[in-house]
Amino acid sequence: MHYQAAESWGYYMAPAVRSAAAAVSAVDPLERVVRLASESAVVIFSVSSCCMCHAVKRLFCGMGVNPTVYELDQDPRGNEIERALMRLLGGSPAVPVVFIGGKLVGAMDRVMASHINGTLVPLLKEAGALWL
């Protein structure tokens, strides 16, 4: 697994050519989720103390996939990301949330359903996360 450090999560500031007000504001949490999710073949938003998060990370590692993991409890703005993920999921619990190939797969229930019905492996192959 590849864990992302909080400082690499992209607290981007607007370019200097924009107004001073824009330079102070940070990127919208939903935009950050979309950007982070598109940077790797498999991205998991997680909380380090969550047993379901641990289970989904173990599932992917057991399949030979090396997901990028963002631990929201280790980010100073993780609560904002978690709220954005809840909006994406329609109010469901926000973690774990899995993106494959930049596309939202969903929470643990969706990942497990995809694994059981045989659609998870083709998604992983299409995203370049599995070669077999």
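Which strand does G106 lie in? G106 lies in strand β5, and the views below, drawn from a predicted model, return to this residue after an overview of the chain.

**Figure 1. The protein chain contains six helices and five strands.** Followed along the sequence, these elements come in the order β-α-α-β-α-β-α-β-β-α-α. The chain has 132 residues, and 40% of them are buried. Among contacts in the chain with a separation of 6 or more, 64% join residues that are 24 or more positions apart.

**Figure 2. The largest nonpolar core has 19 residues.** V33, F45, L72, I81, L85, V97 and F99 are the members that touch the most other members. Four elements, α2 (29–37), β2 (42–46), α4 (78–88) and β4 (97–100), each supply at least two residues of this core. A second, separate core has 16 residues, including V42, F60, M108 and V111.

**Figure 3. F45 is shown with the residues around it, among them V33 and F99.** Leaving out residues up to four places away in sequence, F45 touches V33, L36, Y70, L72, I81, L85, V95, P96, V97 and F99. F45 is also one of the residues that touch the most other members of the largest nonpolar core.

**Figure 4. E82 is a residue of helix α4.** Is E82 buried, partly exposed or exposed? With a relative accessible area of 24%, E82 is partly exposed. Its contacts, not counting residues up to four places away in sequence, are with L72, A94 and V95. E82 and V33 are 49 residues apart along the chain, and their C-alpha atoms are separated by 9.4 Å.

**Figure 5. G106 is a buried residue of strand β5.** The relative accessible area of G106 is 3%, so this residue counts as buried. Which residues is G106 in contact with, leaving aside its neighbours within four places in sequence? They are L89, P96, V97, V98 and V111. From C-alpha to C-alpha, G106 and L89 are 7.0 Å apart in space, while in sequence they are 17 residues apart.

**Figure 6. The largest pocket has a volume of about 160 Å³.** Its lining consists of L89, S92, P93, L104, V105, G106, A107, D109 and R110. Both β5 (103–106) and α5 (108–117) supply at least two residues of this lining. Which element gives the most to the lining? With three residues, β5 gives the most. Sorted by class, the lining has five nonpolar, two polar and two charged residues. G106 and L89, the pair described in Figure 5 as 7.0 Å apart, both belong to this lining.

**Figure 7. C50 and C53 do not form a disulfide.** Why is there no bond between the sulfur of C50 and the closest cysteine sulfur? The closest cysteine sulfur to that of C50 is in C53, at 3.1 Å, which is too far for a bond because a disulfide needs the two sulfur atoms within 2.5 Å. A search of the whole structure finds zero disulfides. C50 counts as buried, at 19% relative accessibility, because the cut-off for buried is under 20%. C61, with a relative accessible area of 22%, is partly exposed.

How values were computed
Residues are numbered from 1 along each chain as its sequence is written. This is a predicted model: local features need pLDDT of at least 70, side-chain atom pairs count only at pLDDT 80 or more; totals for chains, interfaces and linings use all residues. Side-chain values use heavy atoms; hydrogens and water are left out. Buried means under 20% relative accessible area, exposed over 50%, partly exposed in between (1.4 Å probe, protein chains only). On a 1 Å grid over the protein atoms alone, a cavity is a set of points where a 1.4 Å probe fits but cannot get out, and a pocket is an open set with protein on both sides within 12 Å along at least five of seven lines; lining residues have an atom within 4 Å of a point. Grid points are joined across faces, edges and corners, and a volume is the space filled by probe spheres set on the points. Ala, Val, Leu, Ile, Met, Phe, Trp, Tyr, Cys and Pro count as nonpolar, Asp, Glu, Lys and Arg as charged, and the others, Gly among them, as polar. A nonpolar core is a set of buried Ala, Val, Leu, Ile, Met, Phe, Trp, Tyr and Cys residues joined through side-chain atoms within 4.5 Å. Contact means heavy atoms within 4.5 Å.
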